[in-house]
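Work through the exercises below with the structure open beside you, and try each task before you read its solution.

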Number of protein chains: 2
Amino acid sequence: MTRRFHESLEGLRQELTAMGGMAERAVELAVRAYAERDQSLCRQVFAGEVEINSTERRLDELVLDLLAMQQPMAVDLRLILAVSKCIADLERVGDQAVNIAECVEQLLTLPEFEAPVDLPAMAVLARTMLRRALNAFVNADDAEAQAVLLLDDQLDAINDHAYGAVADTIARNPSFTRNLLNALIIARNLERIGDHATNIAEDVIFWVRGADVRHHALSDQ
Amino acid sequence: MTRRFHESLEGLRQELTAMGGMAERAVELAVRAYAERDQSLCRQVFAGEVEINSTERRLDELVLDLLAMQQPMAVDLRLILAVSKCIADLERVGDQAVNIAECVEQLLTLPEFEAPVDLPAMAVLARTMLRRALNAFVNADDAEAQAVLLLDDQLDAINDHAYGAVADTIARNPSFTRNLLNALIIARNLERIGDHATNIAEDVIFWVRGADVRHHALSDQ
């Protein structure tokens with residue numbers, strides 16, 4: 001493999017880490033907007049998405065450049081494909097943050113009502129998953145990637161609990177239905193962000209082990 | 001480009017079309033399970049997901065084989081990357097169908113209540129989008145891909161309307177909150193399936209035009 005190839009690959013990894021930071025920050029801002037009822041934070045999320053989208057385009061071109069170099073080895077091909085999918089997942093994390101910020105904007109038009117969903121805890125979990133999935137990528141660390149899959153179960157459990165808690169609270173306070181539906185939708189967006197982190201972790205494992213252990217086949221080993 | 005390369009590419013396209021058919025069928029079954037309150041259809045969705053997942057693994061290996069052939073041309077690299085992303089989107093459509101079937105199973109434990117959401121119409125739209133996005137792929141037809149983006153606006157509009165209709169209905173019938181939340185979650189899953197079809201359509205345009213027109217920049221032209 002040529003030195004130029006490995007330099008390009010290193011550049012791509014750095015850009016990917018930077019894009020992961022943008023995605024993580026978008027999630028943080030969106031959930032702070034919810035907690036602090038702050039529309040200016042929503043606007044920061046919308047502006048951040050534009051940047052994430054342009055980063056996606058730039059990284060996709062880098063991926064094509066790398067593939068166009070002569071005969072990358074099989075393991076490098078797996079890595080480049082994994083990066084390509086990771087870029088798409090990070091872009092969609094940005095979309096989910098926008099969905100959350102849009103829910104917050106709708107909540108700001110309603111009277112305040114505390115929903116029985118620990119969205120800040122879900123956001124911390126989702127951001128941790130994103131960061132660890134990206135670290136797993138950069139360090140080619142499949143054990144770290146596997147840890148992300150376990151965190152996803154925690155996030156799913158909180159989300160499942162939110163559904164019942166919201167249903168019960170609506171039944172007692174139907175006039176706050178819209179507040180509660182918005183909180184539930186935000187919870188589902190955070191759960192979806194965890195799914196994207198899980199996809200990234202699975203792609204790391206696919207690349208590092210050179211074998212496909214997706215679809216939670218890990219637990220069978 | 002070698003004949004072997006183009007034969008492999010043709011094989012990949014056929015497999016992709018078959019996988020699209022599986023994903024479309026999963027959506028159809030899941031929404032029929034809702035409409036007919038039929039748990040056996042839910043089980044068909046769960047079984048279908050296993051098949052979709054194994055198809056994803058096989059197609060990912062085909063993509064790697066194609067990339068490993070010597071020096072595919074730039075336009076072919078774009079196509080192969082687009083196929084790789086398309087495979088991931090189709091797999092997630094299968095996941096969404098499973099989510100819907102799980103909601104239906106929960107609904108079967110509740111008394112019947114008609115939700116004010118036209119889920120069958122949403123399902124027809126989502127399936128149409130999937131089929132047309134795959135056709136756009138097979139025929140390298142960027143106009144057809146662009147039509148998919150317009151259909152997504154229709155699906156989003158129905159979903160947005162569902163939110164308000166469900167909120168109002170819950171406020172009047174709080175004892176049916178769980179039924180209505182499930183219907184809303186199914187609507188969001190269908191909307192998400194439309195997003196996957198949109199992703200596929202955008203990847204077709206990325207490949208066919210050789211330029212990145214994602215993020216709805218199409219409408220600016």
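## Exercises on a predicted model

B:F113 is partly exposed, with a relative accessible area of 22%. Keep in mind throughout that the model is predicted.

**Exercise 1.** Describe the aromatic pair that B:F113 forms with B:F176, and find its counterpart in chain A.

*Solution.* Begin with the accessibility of the partner: B:F176 also has a value of 22% and counts as partly exposed, since that class lies between the limits of 20% and 50%. Next, take the geometry, for a pair of aromatic rings is described by the distance of the centres and the angle of the planes. The ring centres of B:F113 and B:F176 are 4.2 Å apart and the planes meet at 15°, so the pair is stacked, the limit for stacking being under 30 degrees. Then place the two residues in chain B: B:F113 sits in the loop between α3 (74-107) and α4 (119-139), while B:F176 sits in the loop between α5 (142-172) and α6 (177-209), so the pair ties together parts 63 residues apart in sequence.

Now turn to chain A, bearing in mind that the count over all chains comes to four aromatic pairs. One of them joins A:F113 and A:F176, whose ring centres are 4.2 Å apart with planes at 15°, so this pair is stacked. The pair links distant parts of the chain, with A:F113 in the loop between α3 and α4 and A:F176 in the loop between α5 and α6, 63 residues apart. A:F113 is partly exposed at 23% relative accessible area, and A:F176 is partly exposed at 22%.

**Exercise 2.** Work out how chain B is related to chain A.

*Solution.* First, superpose the copies: a turn of 180° with a shift of 0.0 Å along the axis lays chain B on chain A with an RMSD of 0.0 Å. The two copies are thus related as by a two-fold rotation axis. Finally, compare the surfaces where the copies meet: the same surface serves both, because 100% of the contact residues of chain B recur in chain A.

**Exercise 3.** Characterise the overall fold of chain A, from its elements to its dimensions.

*Solution.* Start with the elements: chain A has six helices and zero strands, and from the N terminus on they run α-α-α-α-α-α. For the dimensions, note that the C-alpha atoms fill a box of roughly 65 × 40 × 20 Å along the principal axes. A compact globule of 221 residues would have a radius of gyration near 17 Å, and the 19 Å of chain A agrees with this. As for contacts, among those in chain A with a separation of 6 or more, 83% are between residues 24 or more positions apart. Last, consider the surface: buried residues make up 54% of the 221 residues, and chain A exposes about 8800 Å², of which carbon and sulfur atoms supply 49%.

**Exercise 4.** Which residues touch the most other members of the largest nonpolar core?

*Solution.* The general idea comes first: in soluble globular proteins, nonpolar side chains tend to be buried together. Here the largest nonpolar core has 160 residues, and A:F137, A:L190, B:F137 and B:L190 touch the most other members. To see one of these in its surroundings, take B:L190 and leave aside its neighbours within four places in sequence; its contacts then include B:V27, B:V31, B:I100, B:L119 and B:M122.

**Exercise 5.** Are B:A97, A:V98, A:E24 and A:E144 buried or exposed, and what does each one touch?

*Solution.* Apply the cut-off of under 20% relative accessible area for a buried residue, and, for the contacts, leave out residues up to four places away in sequence.

1. B:A97, in helix α3 of chain B, is buried at 0%, and it touches B:A26, B:V27, B:A30 and B:V45. Its C-alpha atom is 8.6 Å from that of B:E28, although the two are 69 residues apart along the chain.
2. A:V98 lies in helix α3 of chain A and is buried at 9%, touching A:V45, A:F46 and A:E49.
3. A:E24 belongs to helix α1 of chain A and is buried at 12%, with contacts to A:R127, A:L130 and A:R131.
4. A:E144 is in helix α5 of chain A and counts as buried at 18%, in contact with A:R132 and A:A136.

Key: Residues numbered from 1 in each chain as written. Chains lettered and ligands numbered in written order. Predicted model: local features only at pLDDT ≥ 70, side-chain atom pairs only at ≥ 80, totals over all residues. Heavy atoms only, no water. Least-squares fit on C-alpha atoms with pLDDT ≥ 70 in both. Contact = heavy atoms within 4.5 Å. Core = buried A, V, L, I, M, F, W, Y, C linked by side-chain atoms within 4.5 Å. Buried < 20%, exposed > 50% of the residue type's maximum accessible area, 1.4 Å probe, protein only. Helix = DSSP H or I, 4+ residues; strand = E, 2+ residues; numbered from the N terminus. Rg over C-alpha atoms; globule rule 2.2 N^0.38 Å. Areas by Shrake-Rupley, 256 points an atom, 1.4 Å probe, with all protein chains shown as cover. Phe/Tyr/Trp six-rings, centres within 6.5 Å; stacked < 30°, edge-to-face > 60°.
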